[in-house]
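Biologist: Please take a close look at one part of this model. Start from a single side chain and work outward from there.

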Amino acid sequence: MSKYLVTGGAGYVGSVVAAHLLEAGHRVTVLDDLSTGFAEAVPDGAEFVRGRIQDAAEVLDASFDGVLHFAASSQVGESVVDPEKYWRNNVAGSLELVSAMRKAGVRKLVFSSTAAVYGEPDEVPIKETARTSPTNAYGATKLAVDHLITSEAIAHGLAAVSLRYFNVAGAYGRYGERHEPESHLIPLVFQAALGQRPHIAVFGEDYPTPDGTCIRDYIHIADLAAAHLLALDAAESGEHLICNLGNGTGFSVREVIESVKRVTGREIPVQVAGRRPGDPAVLVAAADRAREALGWTPKHPELDRIVADAWEFTLAHRA
Ligand SMILES: NC(=O)c1ccc[n+]([C@@H]2O[C@H](COP(=O)([O-])OP(=O)(O)OC[C@H]3O[C@@H](n4cnc5c(N)ncnc54)[C@H](O)[C@@H]3O)[C@@H](O)[C@H]2O)c1
């Protein structure tokens with residue numbers, strides 16, 4: 001049994017990983033300022049500290065075996081209009097956290113990085129060795145934190161793993177996605193299915209893909225969570241392992257809408273709009289490194305399963 005600090009454990013991904021850690025018999029303390037998270041999402045059995053990562057020194061001590069760091073601002077559009085918020089919260093905040101870890105002697109870190117660090121890829125599937133060229137401040141701040149972690153591993157022997165998520169989706173029991181504003185495709189299609197928005201906009205039907213719509217790599221939140229527990233085992237002192245987390249296959253916007261129709265049995269009004277600038281045709285992970293270095297195998301790669309679990313959560317939690 002180990003004891004972990006989970007920053008952002010009142011958010012979507014952090015709450016699911018915290019639940020998995022507890023189920024595996026570990027002790028969990030959640031540090032979250034509830035800026036975008038929900039107190040009721042903190043799993044039963046976790047200690048909850050309402051506070052900021054900038055003040056992590058007040059929470060961390062040598063009794064912790066490691067930190068899983070999810071807390072961040074993560075709205076791409078907002079990061080473009082308010083970049084300082086992102087540099088302050090994601091980069092300066094992570095710097096305070098890493099510094100507090102070193103001072104407390106906590107020497108293991110798993111960090112939520114993102115496919116947004118790659119920007120528009122030169123080739124797909126995207127490998128971890130691909131050029132990093134983020135197209136927004138969100139991706140830039142996550143890349144900066146990856147660099148911070150690498151230098152901390154080299155200088156001070158931190159054992160670190162960055163997991164670069166592609167499109168996280170689905171739900172795990174009572175834990176699911178509640179972003180405000182919502183920007184992820186599956187919950188937005190649900191809103192159209194429920195009549196909470198007049199239609200789902202499809203941005204571009206003239207991409208060089210089989211049905212003309214963009215293709216993205218969707219990973220079930222439970223598979224993503226499992227990778228975090230494996231990352232804790234794989235982390236080695238003085239090394240910073242970086243792994244993409246995706247299924248290595250993609251689904252088009254049209255395929256997602258068809259899946260939602262099948263799962264919900266509802267009609268989905270669709271409106272085709274023009275392409276959005278900076279939207280690459282295909283973003284799919286090369287997922288070999290996570291499989292080899294972590295021994296990770298996704299259990300739920302089927303789109304209908306991902307959508308069905310997310311739908312069940314949405315029906316249980318809709319206002
Ligand atoms: N959801 C995705 O598809 C996705 C994809 C790639 C990467 N990520 C990354 O995964 C992580 C979790 O994403 P999510 O979707 O669960 O987001 P979320 O907004 O649901 O969760 C983030 C949590 O962090 C908390 N938080 C933010 N700033 C904080 C601070 N300074 N101190 C303490 N708590 C703070 C929020 O209150 C929230 O509970 C983020 O780092 C995000 O960048 C998510």
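**From one histidine outward**

Modeller: The side chains of H240 and S162 are joined by a polar contact of 2.7 Å. The model is predicted, so read every distance here as a computed value. H240 has a second such partner: its side chain also makes a polar contact of 2.7 Å with that of T150. H240 belongs to strand β11, which covers residues 240–245. Buried or exposed, then, for H240? H240 counts as buried, because its relative accessibility of 17% falls under the 20% cut-off. Sequence neighbours up to four places away aside, H240 touches D146, I149, T150, A153, A160, V161 and S162.

D146 is the next stop. It sits in helix α4, residues 137–156. D146 is buried, with a relative accessible area of 2%. What does D146 touch beyond its neighbours within four places in sequence? The contacts are F111, S113, V117, S162, R164 and H240. S162 thus turns up in the contacts of D146 and in those of H240. One long-range pair is worth marking. D146 and N244 are separated by 98 residues in sequence, yet their C-alpha atoms are 13 Å apart in space.

Helix α4 leads on to the ligand. Which elements each supply at least two residues of its shell? They are α1 (12–23), β5 (108–114) and α4. Strand β5 gives the most, with three residues. In total, 30 residues surround the ligand. The closest are D32, T36, N89, Y138 and K142. By class, the shell holds twelve nonpolar residues, 14 polar ones and four charged ones.

Now the polar pairs at the ligand. An N or O atom in the side chain of H179 lies 2.8 Å from a ligand oxygen. At G37, a polar backbone atom is 3.1 Å from an oxygen atom of the ligand. At L34, a backbone N or O atom is 3.5 Å from a ligand oxygen. How much of the ligand does the protein cover? On its own the ligand has 830 Å² of accessible area, and the protein covers 96% of it.

L34 deserves a second look. It is not a glycine, yet its phi is positive, about 60°. L34 lies in the loop between β2 and β3 (47–50).

Strand β2 covers residues 27–32 and runs parallel to β1, with five bridges between them. T7 of β1 has L31 as its bridge partner in β2. Why is β1 called largely enclosed by the rest of the structure? Five of the five residues of β1 (residues 3–7) are buried, so the strand is largely enclosed. Its two faces are both covered. K3, L5 and T7 are buried on one side, and Y4 and V6 are buried on the other. In a regular strand, side chains alternate between the two faces of the sheet.

Two cis peptide bonds should be checked in any setup. One joins V124 and P125, with omega about -5°. P125 lies in the loop between β5 and α4. Another runs from E180 to P181, with omega near 0°. P181 lies in the loop between β7 (167–169) and α5 (185–193).

Last, an open sheet. It has three strands, in the order β12-β9-β14, and the pairing is mixed. Strands β12 and β14 (282–283) are its edges, each pairing on one side only. Strand β9 (residues 215–216) runs parallel to β14, and two bridges join them. Within that pair, R216 stands opposite L283 of β14.

On the β12 edge, look at S252. Strand β12 spans residues 251–252 and includes S252. S252 is buried, at 2% relative accessible area. Its side chain makes a polar contact of 2.6 Å with the side chain of D211. Residues up to four places away aside, S252 touches D211, T213, C214 and I215.

How values were computed: Residues are numbered from 1 along each chain as its sequence is written. This is a predicted model: local features need pLDDT of at least 70, side-chain atom pairs count only at pLDDT 80 or more; totals for chains, interfaces and linings use all residues. Side-chain values use heavy atoms; hydrogens and water are left out. Helices (H or I, at least four residues) and strands (E, at least two) are DSSP runs, numbered from the N terminus. Buried means under 20% relative accessible area, exposed over 50%, partly exposed in between (1.4 Å probe, protein chains only). A polar contact is a pair of N or O atoms within 3.5 Å; within protein, one must be able to donate a hydrogen and the other to accept it, and residues adjacent in sequence count only if both atoms are side-chain atoms. Contact means heavy atoms within 4.5 Å. Two strands pair if DSSP finds at least two bridges between them. A residue is near a molecule or strand if one of its heavy atoms lies within 4 Å of it. Accessible areas come from the Shrake-Rupley method with a 1.4 Å probe; for residues, only the protein chains shown count as cover. Ala, Val, Leu, Ile, Met, Phe, Trp, Tyr, Cys and Pro count as nonpolar, Asp, Glu, Lys and Arg as charged, and the others, Gly among them, as polar.
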